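Work through the following exercises with the sequence and the 3D structure open beside you. Try each task on your own before you read its solution.

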Amino acid sequence: MALPQHVPVQVFPQDFAWGAATAAYQIEGGWNMDGKGPSIWDTFCHAKGRVFENHSGDVACNSYQLWDEDLKCIKQLGLTHYRLSFSWSRLLPDGTTSFVNPKGVQYYNKVINDLISNAVTPMVTLNHFDLPQALQDVGGWKSPQIADFFDNYARFCFKTFGDRVKLWLTINEPIIYAKLGYEKGLFAPGLKELGTSVYLVAHNMLRAHAKAWHSYDAHFRHEQKGKVSIALNSDWAEPLDPSLPGDVAATKRYMNFELDWFTCPLFGTGDYPESMKCRIEAQNRELGFTGGERLPKFSEDEPKPLGTADFFALNYYTSRKVKEMTSCSSEVSLAGDLGAERVMDPSWPVSGVSWLAVVPEGLRKLLKYIKETCNNPAVYITENGFSQVGPVELEDSDRCQFYQDTLLEVSKAVSKDGVNVRGYFAWSLLDNFEWSDGFSVRFGLFHVDFCSTECKRTMYRSGKEYKAIIQRHGTNIKVESGKGSK
Ligand code: GBH
């Protein structure tokens with residue numbers, strides 16, 4: 001058997017970010033402590049029947065009280081970067097700047113200061129799914145006004161923390177929030193308003209992002225010298241049968257409705273993809289929909305999204321095979337507009353949850369697609385991970401293999417495809433509240449004992465593996481013989 005090769009030295013840039021990511025609602029707990037206002041996820045979980053075994057983020061990893069333990073984990077891994085999110089309603093309990101919660105400011109100041117004094121660069125997401133309930137009560141992300149509420153919140157954060165935080169993400173995964181919250185009803189606020197709200201919500205998220213970016217640009221960038229972007233989640237898609245033109249076209253549509261929906265306004269034409277507009281129009285005609293415009297238009301009277309991402313922030317988890325959808329329904333829906341069916345390739349192993357086919361090479365292909373369609377931006381992979389369910393193993397060898405394979409693909413994207421990848425953030429630092437799956441699905445580099453009040457953190461073997469990769473700056477990633485030559 002041939003000896004394993006290794007990734008040659010100097011593939012990853014010297015200042016490459018080696019990170020891990022978390023999100024406030026998934027780890028903090030302290031849902032009503034020290035003046036925090038409720039968010040839509042507090043409401044959603046407390047309503048019961050929404051989340052696996054009625055789990056909630058009331059306590060989660062208790063990071064609100066156990067930040068020191070998280071910091072130890074971060075140091076143990078040797079991370080250069082840590083991505084966290086702020087809980088909007090911990091800082092501004094009713095979502096507006098009319099009242100600032102000093103305890104919330106104190107908490108995030110400590111987190112940021114501790115990171116910096118340990119030479120870890122923070123990357124902060126302003127909103128990772130947990131909208132303040134008070135803003136939901138006045139229309140949430142469907143209301144046009146939300147862009148101003150968000151902009152005010154963003155300015156408050158830039159002003160308060162921007163002297164130390166230089167990497168900002170406005171919003172996490174607008175597509176997931178809009179689709180799961182308003183089309184499928186699986187995430188807060190749990191609505192199923194087929195084929196309509198999903199476009200409006202995503203639109204207002206893009207508007208809000210653009211506003212906040214322009215605020216940063218006009219009032220903070222000169223002094224603070226940071227960067228602002230938005231985290232976009234995307235699958236990689238390939239035709240189920242590449243010889244069928246219908247499958248090829250459906251795959252193109254899949255990428256249009258998955259990623260181009262956001263990247264065309266941000267990096268491309270400044271508007272939604274033509275194919276999306278056409279499909280939605282065609283469905284309106286076909287189904288006799290008369291409820292008005294479903295895909296909103298960007299107004300001339302406010303800042304446009306075009307050019308408002310200082311880098312590309314990519315969350316990648318999985319890939320899909322795509323075939324043309326034949327079944328048709330009688331009402332409008334996102335699925336109907338898409339007209340494509342996603343299927344799993346049986347050759348792809350599945351990690352833990354059923355949706356997560358493990359396809360590291362899909363990441364390389366997606367990075368190349370982004371380079372080509374978004375004008376070669378600097379890219380941070382802001383989330384990528386592998387889950388475990390059921391009885392957990394600290395010896396998580398499949399996940400170790402996953403990180404090896406994935407970082408090998410990233411190294412090829414850099415060295416062979418010339419993609420400007422600036423960093424990689426593993427999802428997640430800790431096992432945490434996995435949204436509608438509660439605590440039944442674990443993504444952590446550290447195991448968390450949710451049964452004990454101390455929520456003890458223990459490093460998985462994959463954590464040790466990732467630590468070793470970081471220490472060697474990726475030069476020890478194993479290349480299986482035969483795999484590394486292409
Ligand atoms: C990320 O979303 C999130 O940013 C992060 O908070 C989360 O913990 C992580 O993924 C892991 O899921 O099969 O219809 O039930 C990635 C997008 C959203 C993809 C949930 C899978 C399950 C949808 N993920 N989705 S479904």
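The exercises below deal with the ligand, the largest pocket and some backbone features.

This is a predicted model, in which local features need pLDDT of at least 70 and side-chain atom pairs count only at pLDDT 80 or more, while totals for chains, interfaces and linings use all residues. Residues are numbered from 1 along each chain as its sequence is written, and side-chain values use heavy atoms, with hydrogens and water left out.

**Exercise 1.** Find which residues come nearest to the ligand, and sort its shell by class.

Solution. Begin with the residues around the ligand (those with a heavy atom within 4 Å of it): there are 16, and Q26, H128, E173, E434 and W435 come nearest. Next, sort this shell, which divides into 9 nonpolar, 4 polar and 3 charged residues; here Ala, Val, Leu, Ile, Met, Phe, Trp, Tyr, Cys and Pro count as nonpolar, Asp, Glu, Lys and Arg as charged, and the others, Gly among them, as polar.

**Exercise 2.** Look for side chains with an N or O atom close enough to an oxygen atom of the ligand to make a polar contact (a pair of N or O atoms within 3.5 Å).

Solution. In E434, a side-chain N or O atom is 2.5 Å from an oxygen atom of the ligand. For H128, the distance from a polar side-chain atom to a ligand oxygen is 2.9 Å, and for W427 the corresponding distance is 3.2 Å. As a last step, consider the cover: on its own the ligand has 570 Å² of accessible area (Shrake-Rupley method, 1.4 Å probe), and the protein covers 83% of this area.

**Exercise 3.** Describe the volume and the lining of the largest pocket.

Solution. The largest pocket holds about 940 Å³ of space, and of the 40 residues that line this pocket, I176, K179, L180, K184 and R342 are the closest to its centre. Sorted by class, the lining has 20 nonpolar, 8 polar and 12 charged residues.

**Exercise 4.** Locate the cis peptide bonds that join A188 to P189 and W427 to S428, and give omega for each.

Solution. Between A188 and P189, omega of the cis bond is about 5 degrees. Between W427 and S428, omega of the cis bond is about 15 degrees; recall that W427 also has a polar side-chain atom 3.2 Å from an oxygen atom of the ligand.

Definitions and conventions:
Polar contact = N/O pair within 3.5 Å; in protein donor to acceptor, adjacent residues only side chain to side chain. 1 Å grid on protein atoms, 1.4 Å probe; cavity = no way out; pocket = protein on both sides within 12 Å on 5 of 7 lines; lining within 4 Å. Points joined across faces, edges and corners; volume = space filled by probe spheres on them.
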